[in-house]
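Trainee: Could we go through this structure together? I would like to hear the reasoning behind each label.
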Amino acid sequence: MSRLKVGVLVSGRGSNLGAILDRSLAGDIDVEVAVVLSDVEDAAALDRARSAGVPALHIPPGRFRTKLEPDAERRYVETLREHGVEVVALAGFMRILHDEFLEAFPRAVVNIHPSLLPSFPGLDVQRKAIAHGVKWSGATVHFVDTGVDSGPIILQAAVPVLDEDTPETLAARILIEEHRIYPEALQLLAARRLRVDGRRVLVDADTESDS
Ligand code: GRF
């Protein structure tokens, strides 16, 4: 099977990118990280990609705070295409993408979010989960649509919220699951095992596995 070419968009430390690269370089998943793009010039994630030998570029986002300027968005799409990207994985990318971007990669943009969606979309979600008093939180990988953290859910993993948790301790527990399920979701895409039926993402049986 040919490897799925994934472009990863980042803004920060890049631990999810690192988890994807580790699994990819180990040959555990049929995924090749073709390029990493960042809106933040000194994002640690760019160094992480470069030290793994993956092309990593900073593309300035333009003057907006939460989205990309149209010209910038076009440059992101062009650069992803130049690198043969089939699936775009957002990994801590802090900007909302427009329809034009999503239309350039139909049903092929995914995101990881540190809560059990649809609870707690948006930012600062570990603090919100603790403040709300939920007993379980977790991580969600989902397709990206035009809303905020609202697209069809591919995989989720739950973790307990403990009485003594701070946003940091809860985030660390969730992050362990993020690093597990994000590469797993990309492998499901690589193996063409996902079918979207309305809001539901159905996982076809694994016909390639030896086990
Ligand atoms: C992760 O918690 C992810 O769920 C959220 O942003 C954070 C990115 O962390 N979207 P990292 O850059 O992958 O370490």
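Trainee: What makes the backbone of Gly-14 a polar contact of the ligand?

Mentor: This is a predicted model, and in it a polar backbone atom of Gly-14 is 2.8 Å from an oxygen atom of the ligand. A polar contact needs a pair of N or O atoms within 3.5 Å, so the Gly-14 pair qualifies.

Trainee: How do you know that the side chains of Arg-13 and Ser-15 belong on that list too?

Mentor: The cut-off is again 3.5 Å. A polar side-chain atom of Arg-13 lies 2.5 Å from a ligand oxygen, and an N or O atom in the Ser-15 side chain is also 2.5 Å from an oxygen of the ligand. Taken alone, the ligand exposes 360 Å², and the protein buries 85% of that.

Trainee: Which residues surround the ligand, and which elements supply at least two of them each?

Mentor: The residues around the ligand are Arg-13, Gly-14, Ser-15, Asn-16, Gly-92, Ile-112, His-113, Pro-114 and Glu-178. Helix α1 (15-25) and strand β5 (109-113) each supply at least two. By class, the shell has two nonpolar, five polar and two charged residues.

Trainee: Where does the ligand sit?

Mentor: In the largest pocket.

Trainee: Why is Ala-131 called exposed?

Mentor: Ala-131, in helix α5 (residues 125-132), has 64% relative accessibility. Exposed means over 50%, so Ala-131 earns the label.

Trainee: How far is Ala-131 from Gln-187 in space?

Mentor: They are 34 Å apart, C-alpha to C-alpha, and 56 residues apart in sequence.

Note on methods. Residues numbered from 1 in each chain as written. Predicted model: local features only at pLDDT ≥ 70, side-chain atom pairs only at ≥ 80, totals over all residues. Heavy atoms only, no water. Near = heavy atom within 4 Å. Polar contact = N/O pair within 3.5 Å; in protein donor to acceptor, adjacent residues only side chain to side chain. Areas by Shrake-Rupley, 256 points an atom, 1.4 Å probe, with all protein chains shown as cover. 1 Å grid on protein atoms, 1.4 Å probe; cavity = no way out; pocket = protein on both sides within 12 Å on 5 of 7 lines; lining within 4 Å. Sits in = over half its atoms within 2 Å of the grid points. Helix = DSSP H or I, 4+ residues; strand = E, 2+ residues; numbered from the N terminus. Nonpolar A, V, L, I, M, F, W, Y, C, P; charged D, E, K, R; others polar. Buried < 20%, exposed > 50% of the residue type's maximum accessible area, 1.4 Å probe, protein only.
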